Number of protein chains: 4
Amino acid sequence: MDNTFGTIYRTTTFGESHSKGVGAIVDGCLPNIEINESLIQKQLDRRKPGLNKFTTPRNENDSAIILSGIQNGKTLGTPIAVVVMNNDFRAQDYAEFSNTPRPSHADFTYKEKFGIVASSGGGRASARETIGRVISGTIAEQVLKTFGIEIVAFVSQIGEICAKNIDENTISREIVDSSAVKCPSKKYSDLMEKEIEKTIAEKNSIGAVVSCVCKNVPTGLGNPVFDKIDALLAQAMLSIPAAKGFEIGSGFSSSKTKGSQNNDIFIMKNGVLKTATNNSGGVQGGITNGENIVFNTAFKPTATIGLAQKTANYDGNSVVLEGKGRHDPCVAIRAVPVVESMAAIVILDCLLRQKMVNNL
Amino acid sequence: MDNTFGTIYRTTTFGESHSKGVGAIVDGCLPNIEINESLIQKQLDRRKPGLNKFTTPRNENDSAIILSGIQNGKTLGTPIAVVVMNNDFRAQDYAEFSNTPRPSHADFTYKEKFGIVASSGGGRASARETIGRVISGTIAEQVLKTFGIEIVAFVSQIGEICAKNIDENTISREIVDSSAVKCPSKKYSDLMEKEIEKTIAEKNSIGAVVSCVCKNVPTGLGNPVFDKIDALLAQAMLSIPAAKGFEIGSGFSSSKTKGSQNNDIFIMKNGVLKTATNNSGGVQGGITNGENIVFNTAFKPTATIGLAQKTANYDGNSVVLEGKGRHDPCVAIRAVPVVESMAAIVILDCLLRQKMVNNL
Amino acid sequence: MDNTFGTIYRTTTFGESHSKGVGAIVDGCLPNIEINESLIQKQLDRRKPGLNKFTTPRNENDSAIILSGIQNGKTLGTPIAVVVMNNDFRAQDYAEFSNTPRPSHADFTYKEKFGIVASSGGGRASARETIGRVISGTIAEQVLKTFGIEIVAFVSQIGEICAKNIDENTISREIVDSSAVKCPSKKYSDLMEKEIEKTIAEKNSIGAVVSCVCKNVPTGLGNPVFDKIDALLAQAMLSIPAAKGFEIGSGFSSSKTKGSQNNDIFIMKNGVLKTATNNSGGVQGGITNGENIVFNTAFKPTATIGLAQKTANYDGNSVVLEGKGRHDPCVAIRAVPVVESMAAIVILDCLLRQKMVNNL
Amino acid sequence: MDNTFGTIYRTTTFGESHSKGVGAIVDGCLPNIEINESLIQKQLDRRKPGLNKFTTPRNENDSAIILSGIQNGKTLGTPIAVVVMNNDFRAQDYAEFSNTPRPSHADFTYKEKFGIVASSGGGRASARETIGRVISGTIAEQVLKTFGIEIVAFVSQIGEICAKNIDENTISREIVDSSAVKCPSKKYSDLMEKEIEKTIAEKNSIGAVVSCVCKNVPTGLGNPVFDKIDALLAQAMLSIPAAKGFEIGSGFSSSKTKGSQNNDIFIMKNGVLKTATNNSGGVQGGITNGENIVFNTAFKPTATIGLAQKTANYDGNSVVLEGKGRHDPCVAIRAVPVVESMAAIVILDCLLRQKMVNNL
């Protein structure tokens with residue numbers, strides 16, 4: 001139901017861009033799990049604006065307050081409520097949008113849906129909503145770590161520059177964070193930086209692809225029909241602001257291949273049945289097969305740009321809009337921890353469901 | 001919860017490939033809606049195998065029996081249960097698979113998940129599961145028709161052949177059905193037919209992309225956060241067997257563009273705010289903007305092929321598998337009505353939720 | 001969502017009193033559980049009309065057909081769909097009700113809700129809807145049996161006759177079934193039989209209370225807040241047609257006591273913490289404490305009676321209604337297996353949820 | 001799912017008795033509804049301890065902070081998050097319970113369920129959890145008021161003293177609040193006060209019944225099968241701490257009557273079909289019939305008492321427990337606004353579901 005995601009491990013986010021606070025309630029977490037609060041803060045900092053010249057300089061000093069559900073560093077099995085207070089009220093910056101829906105933003109559709117819109121900023125469509133997801137995802141990751149599961153996302157493409165030969169088995173968040181654009185290949189990272197610098201100079205924005213690898217995932221996670229783990233990942237990723245596409249394993253490129261090329265042949269490795277290739281992206285029939293889960297999410301260019309856009313206001317009059325200040329030239333960069341968080345939430349939900357069957 | 005999809009308009013499917021029956025329960029349908037049962041049968045026939053030389057010749061004479069919820073051709077507002085009895089028990093054909101998981105099939109992962117598998121065929125992973133979806137989707141379509149909404153899906157790519165210049169405003173199911181490969185462009189349909197003939201001759205299979213257009217969708221459908229209408233469509237499409245990717249509007253190609261290219265500028269048409277382009281695919285911030293909803297789903301090549309595949313059995317021994325009989329060379333063709341059905345289910349669910357707010 | 005009950009073990013029932021069939025889909029059952037189909041039929045027979053002179057003689061030859069989810073007597077972990085075809089179409093008997101809502105029936109409220117009503121009988125409000133519950137409950141019982149849990153319900157009161165000194169530890173379904181009114185005390189059973197004979201002679205009906213005992217329930221089942229196991233049982237019981245009240249343990253009588261009387265003091269028995277009394281009915285803070293779960297459900301007298309009732313039709317005109325044929329003089333008798341089934345469904349759902357936490 | 005209640009109007013509560021805060025997220029509220037925040041505070045004050053000598057003197061200065069979802073006094077249609085910070089940390093008072101589960105409290109069962117318990121107080125089983133319910137319920141009431149619906153609960157019985165001849169049509173919260181024990185009859189209120197004074201002098205506690213009347217409820221609310229409005233009310237009421245029983249309309253007493261006595265005959269009043277009596281409590285077949293909804297909830301005596309109780313600790317050793325300080329001698333008094341809140345939540349949820357069908 002919209003603001004809640006998950007069946008067993010359930011995340012409910014709340015908060016508008018300029019309400020008193022934003023955050024999440026996490027329900028269904030296992031009890032007795034050690035939670036390191038500083039890891040929540042660390043991941044929140046990775047999605048924070050103003051990290052470097054490639055992200056919006058908006059000052060969001062996001063500090064998470066745990067209201068319930070964790071005591072002495074351990075989960076109680078009760079709802080974990082976490083809030084981040086909003087400090088950066090700049091309602092006036094948005095005044096001009098009140099009668100002009102921003103192109104490819106949610107202003108127009110929110111008004112059509114609710115008949116009322118938050119007076120400033122994107123309301124629930126703001127990227128600040130993702131704070132709640134990162135809170136929940138980082139808690140999920142700490143549960144998953146007790147099962148050995150690890151998740152790393154990175155920018156694999158910006159505009160026409162597509163990073164190649166990334167070794168999914170050796171990448172880590174440290175390597176990813178060593179790049180200002182979150183691309184683990186030094187060569188492509190440099191090219192991407194230049195592309196973004198050019199985009200910033202043009203007062204424009206640019207699209208990108210975020211890839212994600214989930215390692216050490218047990219077999220048997222996911223469900224046969226509507227809640228295939230890749231279907232849940234698809235929903236999770238498309239629910240991130242600015243996401244426009246999702247693919248698992250060989251994805252769209254599989255549509256250009258023959259079965260004899262795309263099929264993943266089984267082989268025995270150390271007494272365990274594995275696949276020789278991983279075009280399935282770790283998922284067969286919606287259920288994990290023990291290989292890495294690998295997927296891509298496409299992000300469109302940030303809708304807010306500094307370039308003048310000639311559009312229409314609600315009265316139908318022609319209006320020229322120019323985004324003030326600096327904005328994220330490439331939203332995908334800050335989306336990296338959000339992708340990781342949503343992946344963690346999906347995988348934990350599937351793992352807990354499976355725990356009923358085989359006492360994982 | 002896996003076998004159930006939807007929040008208000010809820011579809012639960014049941015049935016293994018070789019159980020006594022397969023079907024669906026549809027809950028949450030509006031009362032007093034006229035249902036033409038022959039339309040259900042018609043759409044079931046479109047997904048049926050054996051339609052022409054480009055689909056599997058397996059004889060599935062699927063006849064839908066309405067057990068409840070419809071009386072004198074009208075919905076009662078109560079659960080609509082529909083069953084199709086399974087006649088085509090060919091358990092013996094599958095005997096050889098019992099110790100060898102088929103590559104890129106769900107045999108291995110079902111066994112890992114449940115510790116037990118249906119003795120023959122794909123169980124729930126069988127394409128027969130989609131019968132329940134088509135039943136529910138065709139009922140949903142008849143409700144949507146009372147709101148003027150119309151949905152058409154078609155094959156837009158097979159292998160490397162990508163149909164261009166399809167006019168989304170004039171295509172219809174009749175035009176789509178005039179092509180043996182469900183491609184509304186005569187020119188590309190012919191090329192695709194040749195490609196499939198070649199694939200059949202090779203005892204191979206081939207991937208494809210199904211595109212879908214939903215017309216006359218009101219503004220305001222979909223939800224701001226996790227249940228964005230495009231996120232729900234993504235889940236719905238990835239839940240279809242063999243689907244590997246989803247994109248809305250400009251999708252993956254938007255990741256290669258700049259904001260100034262991808263943004264959809266507003267214009268006033270006949271007193272209504274519309275967009276000059278539709279890179280958003282009819283959805284902004286997860287909510288419909290009144291333009292056509294347009295999306296693509298990528299399908300991998302059918303996993304079962306006649307070509308010999310050298311794989312491993314559960315004991316780790318090397319085994320050569322050759323699919324017997326003829327199989328769908330391109331599963332996407334029969335997936336066309338399934339895509340339409342899942343789209344109808346998602347849109348109706350969002351419409352009913354929105355009906356609470358603005359009495360649509 | 002109304003026609004579906006449960007979070008993990010989910011029961012969806014379908015069917016009107018005079019549709020082609022009634023039944024249930026059971027989703028979320030553990031795989032690899034042996035199911036004895038004859039036990040489903042046996043429990044269906046216990047709720048069947050016409051068992052003896054104290055129940056309606058309507059001939060319902062209910063035979064369950066398993067459509068999916070069970071193979072070779074074992075659950076597959078997939079949806080179990082079961083249908084009972086309706087044979088007893090007596091639409092004409094109900095013709096006179098078309099313009100006159102029956103007092104204390106659901107005719108009037110269904111019409112107000114849906115604007116359309118099934119043309120005959122009670123539609124979904126018919127007792128035939130409970131067939132689906134018994135199917136699901138009997139499957140649940142077979143899963144619970146693998147955990148040692150046993151459930152027995154019985155009639156403890158009819159009209160003013162209240163059975164006393166029933167030993168909850170020794171009663172069994174065999175003892176209950178030895179009474180024509182399902183009361184395990186021979187003395188009270190005889191008194192109740194006489195009371196019902198009198199009621200039948202008066203062409204009237206009579207209310208009753210069904211008690212239920214659930215034995216060998218593990219500790220820890222149920223949830224702290226809204227899904228307390230007693231809250232779920234309350235919903236489950238009040239959802240049975242004609243149920244008007246629910247109480248757990250000392251229930252309404254606890255409202256007349258002092259804390260020092262009602263509190264259940266802890267004692268150690270064989271190294272396990274138990275309570276000296278069981279006013280809690282096996283549930284503290286919504287969670288099972290290892291004692292027997294004990295609860296009562298109050299049933300009103302059957303609404304349909306042979307006695308003339310002066311009421312109004314939809315036009316507001318005065319009408320005299322007399323129920324034709326014989327009806328259940330006391331619906332509670334046939335409700336006994338339904339109470340057991342709903343209890344089994346609730347307990348299994350709570351048990352599966354708890355299985356995630358402690359690998360029960 | 002436990003900490004969340006409702007299908008459309010969804011309430012999720014969070015917070016332990018001694019965590020940083022307690023509160024609720026309300027999702028699914030209609031947009032554009034005017035919310036008077038002071039009414040939330042007013043109802044919170046009615047459930048607050050320390051109101052008078054008949055409630056616990058614990059100082060809970062509960063002040064609600066709205067974090068999101070309401071702007072300029074109007075709902076946005078987005079999640080409404082509200083928090084009340086916990087100020088009254090008295091962890092030391094509970095130290096002695098760490099090794100001794102309090103009789104008829106949830107200490108033992110929480111430990112069995114989660115393997116970990118909040119270090120002090122009742123955790124989620126604390127009455128403080130009901131703060132979130134009152135927040136949500138008071139918002140729901142303000143939505144219901146726009147439909148003319150009004151809800152009043154009151155204490156109708158304490159111990160053996162049962163108030164008679166309460167006129168449900170004239171009672172109001174003002175009249176209820178004029179009684180220190182929330183009983184609208186001066187005569188019985190005086191008797192109840194004396195009973196409680198005696199109970200306090202004994203260092204004991206006493207049970208009670210809370211009755212509730214919901215007026216001007218439209219016809220058609222509630223659902224035919226598992227989500228009958230009385231079934232949902234039963235779940236809602238049994239989920240309140242210390243509740244042990246629920247009955248709708250003539251409830252348990254209907255089990256002692258004949259059909260001819262209990263049936264509600266239809267009559268025409270001012271062109272509208274009404275019932276001459278209201279033994280149905282406003283609900284037929286689970287759906288409202290336009291009469292007042294009338295129900296009772298039984299509360300056991302407060303488990304914590306000052307009287308010495310000889311019980312066992314986790315080691316099985318005999319321990320004498322004496323509750324320190326003063327406690328609520330009769331929890332039902334403070335439960336009155338909680339009953340109203342849960343009723344409002346249930347009715348609004350049913351109303352929003354029905355709004356899809358008939359644009360209420």
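**Two interfaces and two sheets**

Let me start with chains B and C. Together they bury about 3100 Å², and 62% of that is on carbon and sulfur atoms. Keep in mind that this is a predicted model.

Who pays for that area? On the chain B side, B:Met1, B:Leu67 and B:Ile116 lose the most to chain C. Those three account for 18% of what that side buries.

Now the contact count. 40 residues of chain B touch 40 residues of chain C. How many salt bridges cross between chain B and chain C? The rule finds 0. Polar contacts do turn up, with 16 residue pairs across this interface, both partners at pLDDT 80 or more.

Which strands of chain B take part? β2 (10-14), β3 (21-27), β4 (64-66), β6 (74-75) and β7 (80-85) each supply at least two residues to the side that touches chain C. β2(B) gives the most, with 4 residues. By class, this side of chain B splits into 17 nonpolar, 17 polar and 6 charged residues.

Next, symmetry. Turn chain B by 180°, shift it 0.0 Å along the axis, and it lies on chain C with an RMSD of 0.0 Å. The two copies are therefore related as by a two-fold rotation axis. They also use the same surface: 100% of the contact residues of chain B recur in chain C.

On to the second interface, chain C with chain D. Here about 8100 Å² is buried between the two chains, 59% of it on carbon and sulfur atoms. Which three residues of chain C supply more of its buried area against chain D than any other three? They are C:Lys113, C:Phe226 and C:Lys244, with 11% of the area on that side.

The contact count is 104 residues of chain C against 104 residues of chain D. Across this interface the rule finds 2 salt bridges. One to look at pairs C:Lys258 with D:Glu202, where the closest N and O atoms are 3.0 Å apart. There are also 53 residue pairs in polar contact between chain C and chain D, again with both at pLDDT 80 or more. The side of chain C that touches chain D has 39 nonpolar, 43 polar and 22 charged residues.

Symmetry again. Chain C superposes on chain D with a rotation of 180° and 0.0 Å of shift along its axis, at an RMSD of 0.0 Å. The same surface serves both copies here too, and 100% of the contact residues of chain C recur in chain D.

Strands meet across this interface as well. Strand β11 (residues 243-248) of chain C is joined to β11 (residues 243-248) of chain D by 3 bridges, and the two run antiparallel. In that pairing, C:Glu247 has D:Gly245 in β11(D) as its bridge partner. C:Lys244, from the buried-area trio, lies within the residue range of β11(C).

Now over to chains A and B, for a sheet that takes strands from both. It is open, has 10 strands, and pairs antiparallel. The order is β9(A)-β8(A)-β10(A)-β16(A)-β11(A)-β11(B)-β16(B)-β10(B)-β8(B)-β9(B). Which strands sit at the edges? β9 (161-162) of chain A and β9 (161-162) of chain B, each pairing on one side only.

Zoom in on one pair in that sheet. In chain A, β8 (residues 150-158) and β10 (residues 208-215) run antiparallel, joined by 8 bridges. A:Ile151 stands opposite A:Cys214 in β10(A).

Last item: a sheet within chain A. It is open, with 5 strands in the order β1-β2-β3-β7-β4 and antiparallel pairing. β1 (4-5) and β4 (64-66) are the edges, each with a single partner strand, so one side of each has no neighbour in the sheet. Inside this sheet, β3 (residues 21-27) and β7 (residues 80-85) of chain A run antiparallel and share 6 bridges. There, A:Gly23 stands opposite A:Val83 in β7(A).

To recap the two interfaces. Chain B and chain C: about 3100 Å² and 0 salt bridges. Chain C and chain D: about 8100 Å² and 2 salt bridges.

Conventions:
Residues numbered from 1 in each chain as written. Chains lettered and ligands numbered in written order. Predicted model: local features only at pLDDT ≥ 70, side-chain atom pairs only at ≥ 80, totals over all residues. Heavy atoms only, no water. Least-squares fit on C-alpha atoms with pLDDT ≥ 70 in both. Contact = heavy atoms within 4.5 Å. Buried area = accessible area lost by both parts, 1.4 Å probe. Salt bridge = Lys/Arg side-chain N within 4 Å of Asp/Glu carboxyl O. Polar contact = N/O pair within 3.5 Å; in protein donor to acceptor, adjacent residues only side chain to side chain. Nonpolar A, V, L, I, M, F, W, Y, C, P; charged D, E, K, R; others polar. Pairing = 2+ DSSP bridges.
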